[in-house]
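The following exercises invite the reader to examine a structure step by step. Each task is followed by a worked solution.

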Amino acid sequence: MILAYWEIRGIAHPIRLLLEYTGTPYKELLYNYEKCSDYDKNEWFKDRYTLGLDFPNLPYLIDGNTKITQSNAILRYIGRKHKMCGDTEEEKVRVDILESQAMDFRMQLVRVCHDPNFPLTLSPQENLRLNYLQQLPKTLQLFSHFLGTRRWFAGKKMTFVDFSMYDILDLNCKFLPACLDLFPNLQEFLTRFEGLKKISAYMNSPRYLPKPVFLKMAKWGTQ
Ligand SMILES: N[C@@H](CCC(=O)N[C@@H](CS)C(=O)NCC(=O)O)C(=O)O
């Protein structure tokens, strides 16, 4: 399997974590944007239409004749191979909801971090970051309630959406360090995830790529 993405954390992070957790042999192809943001010279822009991808984008996964873009489709593909998409109807529904809900949550942070006015003035109307920070406890409350006393977000068994949830919750902790103080079950979820043998081994390996979170055009997460 080949997983290709920019040489950043970005939306490839949950995919890398899932590949590692499932012990899937894979090679990473890391395109460098920082060195060469010139459209004509960048390796990705050269590759883009030559790989036979239906909808050329990054990340992409190539597994033999199977070529996939869309990060959630990639996660689901790996998840399906390992029966990590939910077993009961209730678990499957929870996975489906969270697959999209986690992406919505991610995109809120992405928008804030790419806002040209970041870190911004004091007017809440103009201030996307302030709005984000004001909304964050409410958003986290919903995820905390959804998780409840479950071990993983779908239930007793881990599913691929736990990898997206780990990533976005961890990113928010980096963005606003005390944000989980009121939500011990979310904190415990992060600790439980990081305590998994395969995950902690990956986190201590040279392959681990926790930052930069975004490409250099972002206003936060580029270091
Ligand atoms: N919805 C897509 C978004 C993909 C996307 O926006 N990729 C960005 C990096 S995060 C990119 O630079 N794609 C390469 C391109 O547009 O050529 C996904 O979840 O995979």
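**Exercise 1. A residue of strand β4**

Apart from neighbours within four places in sequence, Ile68 is in contact with Pro59, Tyr60, Leu61, Ala73, Ile74 and Tyr77. The model is a predicted one.

Task: Establish where Ile68 is found and whether Ile68 is buried or exposed.

Solution. Begin with the location: Ile68 belongs to strand β4. Next, consider the accessibility. The relative accessible area of Ile68 is 11%, and a residue counts as buried under 20%. Ile68 is therefore buried. Finally, consider a distance: Ile68 and Asn57 are eleven residues apart in sequence, and their C-alpha atoms are 9.3 Å apart in space.

**Exercise 2. A residue of strand β3**

Task: Describe the place of Ile62, its accessibility and its contacts.

Solution. The place of Ile62 is in strand β3. With a relative accessibility of 18%, Ile62 counts as buried. Leaving aside neighbours within four places in sequence, the contacts of Ile62 are with Met1, Ile2 and Lys67. As a last step, take the pair Ile62 and Met158: they are 96 residues apart in sequence, and the distance from C-alpha to C-alpha is 24 Å.

**Exercise 3. The surroundings of the ligand**

Task: Determine which residues are around the ligand, and how many of them are nonpolar, polar and charged.

Solution. The residues around the ligand are Tyr5, Trp6, Ile11, Trp44, Arg48, Asn57, Leu58, Pro59, Gln70, Ser71 and Met103. This shell divides into seven nonpolar residues, three polar residues and one charged residue.

The next step is to look at individual atom pairs. A polar side-chain atom of Trp44 is 2.8 Å from an oxygen atom of the ligand. For Ser71, a polar side-chain atom lies 2.6 Å from an oxygen atom of the ligand. For Asn57, the partner is a nitrogen atom of the ligand, at 2.6 Å from a polar side-chain atom. The ligand taken alone exposes 510 Å², of which the protein buries 68%.

**Exercise 4. Unusual backbone angles**

Task: Locate the two cis peptide bonds described here, at Pro59 and Pro212, and then examine the phi angles of Gln70 and Lys83.

Solution. Start with the peptide bonds. Leu58 and Pro59 are joined by a cis peptide bond with omega of about 5 degrees, and Pro59 lies in the loop between α2 (43-47) and β3 (60-63). Lys211 and Pro212 are likewise joined by a cis peptide bond, with omega of about 0 degrees. Pro212 is found in the segment after α8 (197-203).

Turn then to phi. Gln70 is not a glycine, yet its phi is positive, at about 80 degrees. Gln70 lies in the loop between β4 (66-69) and α3 (71-81). At 52% relative accessibility, Gln70 counts as exposed, the cut-off being over 50%. Lys83, also not a glycine, has a positive phi of about 55 degrees. Lys83 lies in the loop between α3 and α4 (89-113) and is exposed, with a relative accessible area of 61%.

**Exercise 5. The packing of helix α3**

Task: Identify which residues of α3 are buried and which elements they pack against.

Solution. The buried residues of α3 are Ser71, Asn72, Ile74, Leu75, Tyr77, Ile78 and Gly79. Their spacing can be read with one general point: an α-helix has 3.6 residues a turn, so residues three or four places apart point the same way. The buried residues of α3 pack against α1, β3, β4, α4 and α6 (161-175).

**Exercise 6. An arginine in helix α1**

Task: State whether Arg16 is buried or exposed, and find what a polar atom of its side chain lies 3.5 Å from.

Solution. Arg16 is found in helix α1 (residues 13-21). Its relative accessibility is 0%, so Arg16 counts as buried. A polar atom of the Arg16 side chain lies 3.5 Å from the backbone oxygen of Trp6. Beyond neighbours within four places in sequence, Arg16 is in contact with residues including Leu3, Tyr5, Trp6, Tyr26, Glu28 and Tyr202.

**Exercise 7. Cysteines and disulfides**

Task: Explain why Cys173 and Cys179 do not form a bond.

Solution. A disulfide requires cysteine sulfur atoms within 2.5 Å. The cysteine sulfur closest to that of Cys173 is in Cys179, at 4.2 Å, which is too far for a bond. The count of disulfides comes to zero. As for Cys85, its relative accessibility is 13%, so Cys85 counts as buried.

Conventions
Residues numbered from 1 in each chain as written. Predicted model: local features only at pLDDT ≥ 70, side-chain atom pairs only at ≥ 80, totals over all residues. Heavy atoms only, no water. Near = heavy atom within 4 Å. Polar contact = N/O pair within 3.5 Å; in protein donor to acceptor, adjacent residues only side chain to side chain. Areas by Shrake-Rupley, 256 points an atom, 1.4 Å probe, with all protein chains shown as cover. Nonpolar A, V, L, I, M, F, W, Y, C, P; charged D, E, K, R; others polar. Buried < 20%, exposed > 50% of the residue type's maximum accessible area, 1.4 Å probe, protein only. Helix = DSSP H or I, 4+ residues; strand = E, 2+ residues; numbered from the N terminus. Contact = heavy atoms within 4.5 Å.
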